[in-house]
Amino acid sequence: MPNLLFDTLFAPLSGQDRPLLHLADGGVVTADAFYRLVARIAGALQGAGVVAGDRVAVQVAKSPEALAVYGAATALGAVFLPLNTAYTQPEVAYFIGNATPRVFVCDPGRAAELAPLASSHGAQVLTLAADGSGSLMARAGDAPDHLAPADCGPQDLAAILYTSGTTGRSKGTMLSHANLLSNAEVLARLWQFTDRDVLLHALPIFHTHGLFVASNISLLTGGQMIFLPGFDQDQVVAALPRATAMMGVPTFYTRLLDDLRLTRNLVGHMRLFISGSAPLLAETHLAFEAQTGQRILERYGMTETNMITSNPYVGARRAGTVGMPLPGVEVRIMAEGAEVATGEVGVIEVRGPNVFQGYWQMPEKTREELRDDGWFITGDLATRDAEGYVTIVGRAKDLIITGGYNVYPKEVEMALDEVPGVLESAVIGLPHPDFGEAVFAVLVARKGVTLDPGAALAAIAPGLARFKQPKAAVVTDDLPRNTMGKVQKAALRAQYAAWFTPPAAG
Ligand code: AMP
């Protein structure tokens, strides 16, 4: 039996004397060298007892070696489990306890802190630093540089990625070989990736965007990656002239727009700019086009489903929308048990070969969100227009119900973002003694502007029904965001929780 993911992504690299990864320091890793790295790391993992089905948890800085651990785990039929490098010891303790990996690879600087908890769950600890040093590579050095991959069927697990868990405990999303490969194949075709592409890769590789969307597509199509440790503006600007495509979160684009070096001249040769993981403001899309002539292609997806919709490669890329369902992926927009009419708001449900296998050891959570007939309830609220373009209006859990009326934060945010002096905004619902919830706005001012929150609210009043108008607003320096650029509304709700219901004095 073959090994679906390994055979398509990693095995073809063997013997290819061409660049695969261009590093920030000017170094180049050839395809063949990367294949041999994968083989040697697989040998090291095998030496540590890893067999098919075992989890290999990894919390390390982005590096060629870190990406090679993904290939090595795949080769062994093991389950790759990358963890956000920002996770603290108690968070890592939860993941290790929940996933019980055979091996946990961490930064040497954190080994003293994390090794005891990993050992207590029976995981062997290996270390890997950003520069490739540590016990993993020391062991890999002795291993053979060729391998015979383990057999894996399409439904076998390739990875577990934990959701960010803004409400309650993080859930381990089980992704099969077929889930990952089907999505990479569809996207590669749709976005016309070929072996002539050089992808500017500045995303983290512990998340679906950088690990699967970006790396899998590039590996699948025989392309090259400019593999940067993170989004460093100078490095990105320096790399753009050599790239054909870039994938980013919206903050990449807003930061580039603030940079005088971003000109038509710098990026005119580029084939494609893609954005996802968080909403790209229509204003950002339009400003990027005005400054560079490039129309950013926005797509939408999530850890559980891989990518779901995309604006077209050929055809109209509509600012503020996430485009149409990918080929082979079914999308429906539901409210009260039925599909909504065109233009009405409902929850997006998705079905297809991209949809995950369930949450690791959480059968009841799986049942709540993944229906028996294969439809996954995303929890994202959206509309679809007559031409099939989907527009996300927020998360269902962020929906505000004030005095019995539904308010979609995005609609209010879009109005606020139009007010002169407002750079961006986040609209949330806060507990209110009369209304149950009250609409509340958190505003960020443009550089050098003194923003009066009351005046901003007055400015949007003529265009919005009264129940949608925020009852209060504050101005803050910036919005709390996670590494993928998502605004952390739960954090804002916690911060301002007592705004309308101050604790009783005494
Ligand atoms: P994650 O599982 O971390 O990738 O988060 C998935 C969530 O990110 C989705 O459920 C959406 O709420 C959000 N998301 C991803 N892409 C977009 C997009 N293009 N526009 C708006 N929200 C997005």
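This passage goes through the overall build of the chain, the ligand site, one of the pockets and the enclosed cavities.

The model is a predicted one. Its protein chain carries 16 helices and 25 strands. Along the principal axes, the C-alpha atoms take up a box of roughly 70 × 55 × 45 Å. How does the radius of gyration of the protein chain sit with that of a compact globule? A compact globule of 506 residues would come out near 23 Å, and the protein chain has 23 Å, so the two agree.

Next comes the ligand. Its shell is made up of 15 residues, and the closest are E298, R299, T303, D380 and K486. Which element gives the largest share of that shell? That would be strand 13, spanning residues 297-302, with five residues. In terms of chemistry, the shell splits into five nonpolar, five polar and five charged residues.

A few polar contacts to the ligand can be picked out by atom. E298, one of the closest residues, places a polar side-chain atom 2.9 Å from a ligand nitrogen. D380 is also among the closest, and an N or O atom of the D380 side chain lies 2.6 Å from an oxygen atom of the ligand. The side chain of R395 joins in too, with an N or O atom 3.2 Å from a ligand oxygen. As for cover, the ligand has 500 Å² of accessible area on its own, and the protein covers 91% of that.

Then there is the open space. The second largest pocket has a volume of about 290 Å³. Its lining consists of 19 residues; those nearest the pocket centre are A202, P204, G230, F231 and T483. By class, the lining of this pocket holds 10 nonpolar residues, six polar ones and three charged ones.

What about enclosed space? Searching the whole structure turns up two cavities of 30 Å³ or more. The largest cavity has a volume of about 70 Å³. Around this largest cavity sit V58, Q59, V60, A66, F80, P82, L83, I205 and F206. Strand 3 (55-59) and strand 4 (79-82) are the elements that give two or more residues to this lining. Eight of the lining residues of the largest cavity are nonpolar, one is polar and none is charged.

The second largest cavity holds about 40 Å³ of space. Which residues line the second largest cavity? They are L180, N183, A184, L187, T208, F212, V213, N216, N306 and M307. Three elements show up here with at least two lining residues each: helix 7 (177-190), helix 8 (208-221) and strand 14 (306-310). The lining of the second largest cavity divides into six nonpolar and four polar residues, with no charged ones. Charged residues are thus missing from the lining of the largest cavity and from that of the second largest cavity, whereas the shell around the ligand includes five of them and the lining of the second largest pocket has three.

Technical notes: Residues are numbered from 1 along each chain as its sequence is written. This is a predicted model: local features need pLDDT of at least 70, side-chain atom pairs count only at pLDDT 80 or more; totals for chains, interfaces and linings use all residues. Side-chain values use heavy atoms; hydrogens and water are left out. A residue is near a molecule or strand if one of its heavy atoms lies within 4 Å of it. A polar contact is a pair of N or O atoms within 3.5 Å; within protein, one must be able to donate a hydrogen and the other to accept it, and residues adjacent in sequence count only if both atoms are side-chain atoms. Accessible areas come from the Shrake-Rupley method with a 1.4 Å probe; for residues, only the protein chains shown count as cover. Helices (H or I, at least four residues) and strands (E, at least two) are DSSP runs, numbered from the N terminus. Ala, Val, Leu, Ile, Met, Phe, Trp, Tyr, Cys and Pro count as nonpolar, Asp, Glu, Lys and Arg as charged, and the others, Gly among them, as polar. On a 1 Å grid over the protein atoms alone, a cavity is a set of points where a 1.4 Å probe fits but cannot get out, and a pocket is an open set with protein on both sides within 12 Å along at least five of seven lines; lining residues have an atom within 4 Å of a point. Grid points are joined across faces, edges and corners, and a volume is the space filled by probe spheres set on the points. The radius of gyration is taken over C-alpha atoms; the globule rule is 2.2 Å times the number of residues to the power 0.38.
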